[in-house]
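Hi,

Here is the structure I promised to send over. Have a look at it first, and then read on for what turned up.

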Amino acid sequence: MKQEFLFKQKQVPKLAMKTWIPLLQCSLDQLDSHLHSYISENPCLDVKDGFTQDRHKRKSAYAEYSNHVSNAVSEFFEEVTISGESLYEKVQKQIEAPLFPTPVSEKIAEEIIKHISDEGYFEGDIKEIAKLCDTTAQKAEAVRQRFAYLQPYGVGAVDYKEAFLFQLGEFDIDDELSILLSALILQFEKFEKFLKHPRISEAKEVIKHFKNPPALAYMEETKPIIPELFVVFKKDKLEIEINNQFYPKIEIQQPKSEEKFIKQKLKEARELVKLLDLRKATLYNITLAIVERQYNFFLGGELKPLKLQDIADMLGFNESTISRAIDNKYIQTERGIYSFKDFFSNAIGNTSASEIKFFIKRLVDSEVKESPYSDKYLHESVEERFKLVMTRRAIAKYRQELKIPAYKERKFLYQLEML
């Protein structure tokens, strides 16, 4: 695929760099608010939001790309308002007697809250909290255990098993069923040993109502990704298209005054229009360079090793400019939405780290749920597939970067799904 670049690097220094760099760094969904910051200072400027057009028009504008956009992105067009108290406000209100009757217990609880993730898990060091509160680790841990009685149930647990044990308090069940559920949770890897228990059906019904993660109801919906560009096939040709439908529209108001101040503001407004066009051109050219270097990937193949400096050399930019330009930006492809950064990876032998990650992800996506792949199997598969020598720790790191749970946790979650 041969397409000419839209501009040359020598044009950039002629423009206001203080305005240009922040404009280049903004993601598409940040662009509206960034441009609006200029309106109050420039009477010659007006900005029409790319994201606040008529809903019907927005849907129509995006319709031609619907075959390439995931459901998660299409849901962007439904106005959703997230309101109500946050997880931390909810928990904070409950830090009082009788569960936390003393200033020391309240202080410990306050410190624990600071180390609770958005998912509701405790991710701190109880020894450090104890030291900070001038108490023992045993007493600090005893305070954390009282979180089992707080809502949302499961908050403050260290992992999903403890969260499920905490959540047992939400249900009105007798001692026998409670003991069964506790044993089942702790030994879920051996779930089959409980199948003949006379109350297993009741236990299953309770487990189905567990929340994983515990703060699920308080987690904000993942913000849909709006791609900057599309790389699509049209008539068997791979083409790059800028997502113009979601770019803010800048309008220049022609002033009647001939004052020097107004003339300067008019010049700045016109310059901003040029800079916005230059932003589009820069991202287009970076995408074009990526497509040329990773063409096989867009046809369904593997990614090749690619460095930021490689693209910088092709375009005549500094590597830092390329890094700023691609930060928090995405491309919609036939294979899904990818971050610009996904296309860059150091070489491991003749293979890219990104290629290895994609291979691991495909393996896990295709694994049999009754028998998930261990890191040992993933490690051996990667070495065999790419003819490499790697450590198992490196494979585990890649899996974690892909946010894929470990073997035992995946097995537990799969079994939970099949209940």
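Before I get to Lys161, one convention: helices and strands here are DSSP runs, with helices of at least four residues and strands of at least two, numbered from the N terminus. Keep in mind as well that this is a predicted model.

Lys161 sits in helix H9. Is this lysine buried or exposed? Lys161 counts as buried, because its relative accessible area is 15% and the cut-off for buried is under 20%. Its side chain reaches the backbone oxygen of Leu186, at 3.1 Å. Leu186 also turns up among the contacts of Lys161, along with Ile185, Phe188 and Glu189, once residues up to four places away in sequence are set aside. There is a long-range pairing here too: Phe412 is 251 residues from Lys161 in sequence, yet the two C-alpha atoms are 9.5 Å apart.

Now the overall picture. The protein chain has 19 helices and eight strands. It runs to 419 residues, and 43% of them count as buried. Of the contacts with a separation of 6 or more, 64% are between residues 24 or more positions apart. The chain exposes about 23500 Å², with carbon and sulfur atoms supplying 49% of that area.

On to the cores. In soluble globular proteins, nonpolar side chains tend to be buried together. Which residues touch the most other members of the largest nonpolar core? They are Ile286, Ile311, Ile322 and Phe343, in a core of 52 residues. Helix H12, residues 260-293, gives the most to this core, with 14 residues. A further core of 42 residues lies apart from that one, and its members include Cys133, Ile185, Phe194 and Ala203. Ile185 is therefore worth a second look: this core member is also one of the residues that Lys161 touches, and Lys161 itself is buried at 15%.

Back to Ile311 for a moment. Leaving out residues up to four places away in sequence, Ile311 touches Ile286, Ala289, Ile290, Arg293, Leu306, Ile322 and Phe344. Two of these names, Ile286 and Ile322, are already on the list of residues that touch the most other members of the largest core.

A word on the cysteines. Cys133 is buried, with a relative accessible area of 7%, and Cys44 is buried too, at 1%. How many disulfides are there? The count comes to zero.

The structure holds 19 salt bridges, and I picked out a few. Arg199 and Asp174 meet through their side chains, at 2.8 Å from N to O. This pair links distant parts of the chain, 25 residues apart: Arg199 is in the loop between helix H10 (175-186) and helix H11 (200-207), while Asp174 is in the loop between helix H9 (160-167) and H10. Arg199 counts as buried at 14% relative accessibility, whereas Asp174 is partly exposed at 34%.

Glu241 and Lys234 form another salt bridge, at 2.7 Å from N to O. Here the acid is the buried partner, as Glu241 has 13% relative accessibility, and Lys234 is partly exposed at 37%.

Then there is Glu401 with Lys357, whose closest N and O atoms are 2.6 Å apart. That pair also links distant parts of the chain, with Glu401 in helix H18 (residues 392-401) and Lys357 in helix H16 (residues 353-366), 44 residues apart. Both ends are partly exposed: Glu401 has a relative accessible area of 41% and Lys357 one of 24%. Some salt bridges share partners, and in this way Asp174, Glu176, Arg199 and Glu202 are joined into one network.

One last residue. Where does Thr351 lie? Thr351 is in strand E8, residues 351-352. Thr351 is buried, with a relative accessible area of 7%. Apart from neighbours within four places in sequence, Thr351 is in contact with Pro305, Asn346, Ile356, Phe386 and Leu388.

Cheers

Terms used. Residues are numbered from 1 along each chain as its sequence is written. This is a predicted model: local features need pLDDT of at least 70, side-chain atom pairs count only at pLDDT 80 or more; totals for chains, interfaces and linings use all residues. Side-chain values use heavy atoms; hydrogens and water are left out. Buried means under 20% relative accessible area, exposed over 50%, partly exposed in between (1.4 Å probe, protein chains only). Contact means heavy atoms within 4.5 Å. A nonpolar core is a set of buried Ala, Val, Leu, Ile, Met, Phe, Trp, Tyr and Cys residues joined through side-chain atoms within 4.5 Å. A disulfide is a pair of cysteine sulfur atoms within 2.5 Å. A salt bridge is a side-chain nitrogen of Lys or Arg within 4 Å of a carboxyl oxygen of Asp or Glu. A polar contact is a pair of N or O atoms within 3.5 Å; within protein, one must be able to donate a hydrogen and the other to accept it, and residues adjacent in sequence count only if both atoms are side-chain atoms. Accessible areas come from the Shrake-Rupley method with a 1.4 Å probe; for residues, only the protein chains shown count as cover.
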